[in-house]
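Please open the model in your viewer and keep a selection tool at hand. The tour below proceeds from one selection to the next.

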Amino acid sequence: MTIAVSILPEQQLAALNAAYRQAVARKRLRLFAGAALFIAALILAAIGAEVNLRTLFTYFGNFVSYFDRILTLDSGQRVWTDPREWLWGWYKWGKLLGETLLISYVGTLIGAVCAFCLNFLAAENTSPAPWLRFLVRRLLEFARTVPGIVFALIFIMAFGLGPMAGVLAIAIHSTGALGKLFAEIVENADMKPVEGVRSTGASWLSCMRFAVLPQVSAGYVSYALLRFEINVRESSVMGFVGAGGIGQELVVAIRKFYYSDVSAILLMIVLTIFVIDITTGWLRARLFGRDARS
Amino acid sequence: MREFEKPDTAALRTKYPDAFERPAAARLATPAMIVAALAVFIFGLNDLGFEPARFIAGLKQLGWITMMMIPPDPGTSLPLYLKALGETLSIALLGTTLAATLALPVSLLAARNIVPPNIIRFPVRRFLDSIRGVDTLIWALVWINVVGLGPFAGVLAIMVSDFGALGKLFSEAIEAADKKQVEGIRASGGNALHEIRFGLMPQVLPVIAGQVLYFIESNTRSASIIGIVGAGGIGLQLAEQIRVLEWQRVSFLVLMILVAVAAIDFISGKLRFAIIGRRAVA
């Protein structure tokens with residue numbers, strides 16, 4: 001089957017072509033202006049950040065050779081030729097990694113419980129009073145915007161050096177992050193069960209317990225597991241400021257140029273994070289099916 | 001009033017045995033999990049040195065610190081702090097842009113619909129994962145060893161750590177793209193590069209732009225702390241003021257970070273809608 005394509009007469013076509021070109025030109029101009037603005041911002045940022053390409057090119061060799069150095073043992077051999085020498089501190093580091101995991105576990109759990117207590121107050125459909133909701137929302141926002149490590153620094157001054165400050169910092173940060181996500185789940189929940197429970201004369205607390213909670217608890221667990229994954233990464237650096245875990249050992253190794261130790265500790269951290277990611281991913285799939293991630 | 005019929009419990013019992021007599025394993029699973037979680041929690045509290053006395057003393061101290069923070073006051077170093085904040089914003093913007101530029105080509109290699117063979121895709125993905133597994137602060141320490149103290153190390157640290165995250169996100173966006181446009185280009189005789197440029201990029205770029213803007217926003221947060229290890233920006237000032245117990249300045253710096261993050265949030269939200277239009281962000 002053939003279709004005849006009608007071709008317009010010249011004059012009509014010329015007008016249409018001109019309109020098309022103008023539209024394209026306008027779009028290009030806008031794109032160009034946007035790009036120019038963006039590049040100007042980048043140049044400004046480059047000045048602000050003291051970017052020095054000469055330093056980069058002079059020392060870029062250092063970056064490559066840094067990896068060369070951290071992969072070389074004191075004896076001059078490659079690290080993987082002698083795993084026993086490379087991972088000489090595996091027992092100590094493994095213990096510290098365990099501490100890191102424990103910090104993130106305890107911190108995530110405290111944070112999840114706090115977020116659980118607060119999220120019904122922060123969600124639009126379940127909050128008992130608007131002023132309370134506003135207050136809780138601002139509180140959660142504050143807890144989530146201030147970086148965890150800043151909390152850790154402040155808590156170290158209050159609670160002393162050690163993992164306690166790290167746990168509390170992670171707990172506060174998780175409260176903020178999870179509180180927001182939890183409240184969003186609650187806002188998506190079906191309100192009809194709540195009306196049903198309320199019609200029996202139940203209090204606000206019973207409404208939450210028997211009408212909202214059964215709908216949302218799976219989502220809570222899923223997000224809490226995701227948060228645990230993120231917190232493992234974060235607690236691996238808590239030791240930088242003295243808040244416990246493997247970070248302490250790593251920062252010492254980097255600062256004192258114990259090259260092969262750096263790569264050994266990094267390897268152990270990355271492997272641990274892999275294992276945690278895979279385990280929690282598997283657990284989430286087991287608990288809620290494949291599509292629960294989104 | 002009509003009497004309700006009494007339900008035939010015996011018949012229901014035989015019909016739905018699981019609802020009346022759940023197997024012991026199913027009934028015990030949830031409590032067992034809760035007990036296990038609690039046991040680990042208590043072990044953790046014990047192992048990490050949570051003593052009630054220490055906790056209460058710390059809370060007292062914390063309350064005292066909070067009192068000392070009011071009112072926030074920059075003292076005489078406001079210009080210095082503003083400069084540090086500008087440095088932080090520069091680090092975030094530059095680091096994210098560089099990361100996105102580097103991640104785009106690599107993400108093509110990690111996307112299933114561009115590079116089918118697993119032999120290439122698998123190592124690329126694991127490579128991105130390993131980069132992502134190392135925290136930004138660790139990268140900052142590494143770069144300080146290379147280019148020295150200062151914000152430039154911060155830019156490079158954000159660049160590397162975001163390269164891992166953006167590479168993964170981009171490749172997911174590319175995998176979610178519609179195949180039909182690509183097939184159209186192939187049908188009209190385009191080569192592989194044409195397919196990517198004209199079939200794929202128009203679909204993927206808006207999503208990518210949204211993600212990059214979101215990362216600039218979240219990197220303002222990361223960039224505000226990498227100063228703690230000496231990689232420039234406001235974190236350096238913050239850590240210093242905390243160490244010398246100048247609490248009024250600390251609270252002022254925290255407020256500055258909050259305001260800056262909120263402002264970036266607002267701007268990037270507007271920009272995201274301008275770029276993506278009414279389409280939902282993936």
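**A guided tour in selections**

Begin by selecting L245(B), which counts as partly exposed at 45% relative accessibility; buried means under 20% relative accessible area, exposed over 50%, and partly exposed in between, with a 1.4 Å probe and protein chains only. This is a predicted model, in which local features need pLDDT of at least 70, side-chain atom pairs count only at pLDDT 80 or more, and totals for chains, interfaces and linings use all residues. Residues are numbered from 1 along each chain as its sequence is written, chains are lettered from A and ligands numbered from 1 in the order in which they are written, and side-chain values use heavy atoms, with hydrogens and water left out.

**Around L245(B)**

L245(B) lies in the loop between α11 and α12 (247–276) of chain B. Helices (H or I, at least four residues) and strands (E, at least two) are DSSP runs, numbered from the N terminus. Although L245(B) is not a glycine, its phi is positive, at about 60°.

Next, select helix α11 (residues 234–243) of chain B, which precedes L245(B). Seven of the 10 residues of this helix are buried, so it is largely enclosed by the rest of the structure. Which residues of α11(B) are buried? They are I234(B), G235(B), Q237(B), L238(B), A239(B), Q241(B) and I242(B).

**A cis peptide bond in chain B**

Move to P71(B), in the loop between α4 (52–69) and α5 (78–110) of chain B. The peptide bond leading from I70(B) to P71(B) is cis, and its omega is near -5°.

**Chain B as a whole**

Now select the whole of chain B, which has 12 helices and zero strands. Its C-alpha trace spans about 80 × 75 × 50 Å along the principal axes. The radius of gyration of chain B, taken over C-alpha atoms, is 27 Å, whereas a compact globule of 282 residues would have one near 19 Å; the globule rule is 2.2 Å times the number of residues to the power 0.38. Of the 282 residues in chain B, 47% are buried.

**The nonpolar cores**

Select W143(B) and F240(A). Of the 133 residues in the largest nonpolar core, these two touch the most other members. A nonpolar core is a set of buried Ala, Val, Leu, Ile, Met, Phe, Trp, Tyr and Cys residues joined through side-chain atoms within 4.5 Å. Helix α8 (residues 151–175) of chain B supplies the largest share of this core, 14 residues.

What is W143(B) in contact with, leaving aside its neighbours within four places in sequence? In chain A the partners are L56(A), F60(A) and F63(A); in chain B they are G148(B), A153(B), L156(B), A157(B) and V160(B). Contact here means heavy atoms within 4.5 Å. Another core, of 23 residues, lies apart from the largest one, and its members include A123(A), A211(A), L213(A) and Y220(A).

**Chain A as a whole**

Select chain A, which has 11 helices and zero strands. The radius of gyration of chain A is 28 Å, well over the 19 Å that the globule rule gives for 294 residues, so chain A is more spread out than a compact globule. Its C-alpha atoms fill a box of roughly 85 × 75 × 50 Å, taken along the principal axes. Of its 294 residues, 43% count as buried. Among contacts in chain A between residues at least 6 apart in sequence, 71% join residues at least 24 apart.

**Two helix positions in chain A**

Select A171(A) in helix α7 (residues 163–188) of chain A. Is A171(A) buried or exposed? A171(A) is buried, with a relative accessible area of 4%. Not counting residues up to four places away in sequence, A171(A) touches G107(A), I110(A) and G111(A). A171(A) and I103(A) are 68 residues apart in sequence, yet 9.4 Å apart in space, C-alpha to C-alpha.

Then select V113(A) in helix α4 (residues 90–122) of chain A. V113(A) is partly exposed, with a relative accessible area of 45%. From C-alpha to C-alpha, V113(A) and G179(A) are 9.5 Å apart, with their places 66 residues apart in sequence given as the separation.

**Last stop: F257(A)**

Finish at F257(A), in the loop between α10 (247–255) and α11 (259–288) of chain A. Phi of F257(A) is near 60°, a positive value in a residue other than glycine. F257(A) is partly exposed, with a relative accessible area of 45%.
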